[in-house]
Amino acid sequence: MTTMRWQFYKRFSLVGFVGGGVAWNDFERFDSTETIVTGGTGFRYELARNYGTHMGLDLAFGPDNTAVYIQVGSAWSRP
């Protein structure tokens, strides 16, 4: 997965992300695979500067569905 963040004003930032993978559902035929690419965008607000804690809202797009995520904290380190 690739993630980019742009801090556009003080504690506010925008993120973009994209990821991909291969999936299969037949253990007898590993050659029957499907490549899946997903991505999305989001908004972050920095809650605690000393701890690097952000709160955000993401909109993610997949081949079949669209999802909305609300999150606190982050799995991605900030440079």
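User: When do two strands count as paired?

Analyst: Two strands pair if DSSP finds at least two bridges between them. Strands are DSSP runs of E, at least two residues long, and helices are runs of H or I, at least four long, all numbered from the N terminus. In this predicted model, 12 bridges join strand E2 (residues 12–23) to strand E3 (residues 34–48). Strands E2 and E3 run antiparallel. Take Val 18: its bridge partner in E3 is Gly 39.

User: What should I know about the numbering and the model?

Analyst: Residues are numbered from 1 along each chain as its sequence is written, and side-chain values use heavy atoms, with hydrogens and water left out. The model is predicted, and local features need pLDDT of at least 70, side-chain atom pairs count only at pLDDT 80 or more, and totals for chains, interfaces and linings use all residues.

User: How many helices and strands are there in the protein?

Analyst: There are 0 helices and 5 strands. From the N terminus on, the elements read β-β-β-β-β.

User: What order do the strands take in the sheet?

Analyst: The sheet is open, with the order E1-E2-E3-E4-E5 and antiparallel pairing. Its edge strands are E1 (2–9) and E5 (66–72), and each pairs on one side only. The twist averages 15° from one strand to the next. For such angles, axes are lines fitted to C-alpha atoms, for helices over the stretch in contact, and angles run from 0 to 180 degrees between N-to-C directions.

User: Is Leu 59 buried or exposed?

Analyst: Start with the scale: buried means under 20% relative accessible area, exposed over 50%, partly exposed in between (1.4 Å probe, protein chains only). Leu 59 has a relative accessible area of 33%, so it is partly exposed. Across the protein, buried residues make up 18% of the 79 residues.

User: Where does Leu 59 lie, and what is it in contact with?

Analyst: Leu 59 lies in strand E4 (residues 53–61). Contact means heavy atoms within 4.5 Å. Leaving aside neighbours within four places in sequence, Leu 59 is in contact with Phe 17, Gly 39, Gly 40, Thr 41, Thr 66, Ala 67 and Val 68. Leu 59 and Phe 43 are 16 residues apart in sequence and 9.1 Å apart in space, C-alpha to C-alpha.

User: How do I read the overall shape?

Analyst: Use the radius of gyration, taken over C-alpha atoms; the globule rule is 2.2 Å times the number of residues to the power 0.38. A compact globule of 79 residues would come out near 12 Å, but this protein has 16 Å. Its C-alpha trace spans about 50 × 20 × 15 Å along the principal axes.
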